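User: Could you take a close look at one part of this protein for me? I'd like to understand the open sheet and what packs against it.

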Amino acid sequence: MLGLAASTVSLRVAELASNGLIIEEGAGESTGGRRPRILRLREHQDFVLSAELGARHVRIGRVDRTGALHEVENLPVLVSEGPERTLRLIADGMRAVSGRAEREGGRCRGVGIALPGPVDARSGGVELPSRMPGWQGFSVLSWFENEFDVPTAVDNDANSMALGEHFSQLGPDDHSITVKAGTAIGSGIIVSGSLHRGATGAAGDITHTRVPAAGSEPCSCGNVGCLETVASGAGLVRQLREHGVDVRTTADVITLSHDAHPRATTLVRTAGTHLGEVLSSVVNFFNPDAVFITGSMSSSEPFIAAVRSRIYEGCHPLATRNLRIEAASTGADAGLLGAARLALEKIAPFSS
């Protein structure tokens, strides 16, 4: 598959084994010659730390060199308090998680951060965020590299979720879109196994697509009529409160929908239809293998069903013939796994 000579493969396998990255696990069945050796990645004590930041909380995970998630910590934070205080709380949480592993001989080799806003991949800073006051231009990358003195990767949460979900379900030659449908809406695009960020890092930002149903409703971006105003969790909270329903978070809306509250259920289904309308154009244009949906809205089956129905209705049959449209299998861990993957890619495999 690699197009390498058998002798080259043997040398590389020996090098990987001598560095403790792979171990031999018996022999396979013979197909006429010597029985092949079975190799597997070694569960390494070294690890990377990853964090996915939300508006009111952060999830922190410890991921080993094989990409397996071993520990998760949830902490309350307020992104509106600005970067310095928020990142200090995250760093303290990371040290608590890494401390337990370090006492058993492990070492932190890298850090991956997923942020709820647009990120400049080169500077590791936040660019034009809509719900992150005080974060504009702040280099999260530099802050964590100074704090932990290890390679650090920073990207937005939708891109991180896309990586985490794609490689749990598909291979390096496949294409996918992962949509984060929560308080806001974003998406990450994977092309042939690689993250597509676009010219300015704005690829996948479907939340500010104009939709007729939004009319002249003002959006946090300063425009009017954006998808976010009628299909996001924040938009549903606003609409329900306008009808006298006491809700404060997206979770409140989903709970009402699960309890068959008529107006909440209708709004959730309608939100799925609006999202599916925008995604149908994306699917026709991009022709992915799968559309995965994550975020708090993905726990609602009526929402997923409405997205699926509208995509099938609005797309060419060839684009949907083998298309998977489903809730992300990695659930809340997608962002942690994706951020860790970005960090692992920055680590030299044989560094001491």
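Analyst:
**A close look at the sheet**

Strand 6 is mostly covered, with 8 of its 8 residues buried (under 20% relative accessible area with a 1.4 Å probe, protein chains only). Strands here are DSSP E runs of at least two residues, and helices are H or I runs of at least four, numbered from the N terminus. Please keep in mind that this is a predicted model, where local features need pLDDT of at least 70, side-chain atom pairs count only at pLDDT 80 or more, and totals for chains, interfaces and linings use all residues. Residues are numbered from 1 along each chain as its sequence is written, and side-chain values use heavy atoms, leaving out hydrogens and water.

Strand 6 belongs to an open sheet of 5 strands in the order 5-4-3-6-9, with mixed pairing (two strands pair if DSSP finds at least two bridges between them). Strand 5 (69-76) and strand 9 (152-156) are at the edges with a single partner strand each, so one side of each has no neighbour in the sheet.

On one side, strand 6 runs parallel to strand 3 over 6 bridges, and Ser-50 stands opposite Gly-112. Strand 6 also pairs with strand 9 in the parallel sense, over 5 bridges; there Gly-112 has Ala-153 as its bridge partner. Strand 3 (47-53) and strand 4 (57-64), by contrast, are antiparallel over 7 bridges, with Ala-51 partnered by Ile-60.

Now the helices: helix 3 (140-148) lies across strands 3, 6 and 9, in contact meaning heavy atoms within 4.5 Å. Its direction is at about 150 degrees to strand 9, with axes fitted to C-alpha atoms (for helices over the stretch in contact) and angles from 0 to 180 degrees between N-to-C directions.

Notes. Buried means under 20% relative accessible area, exposed over 50%, partly exposed in between (1.4 Å probe, protein chains only).
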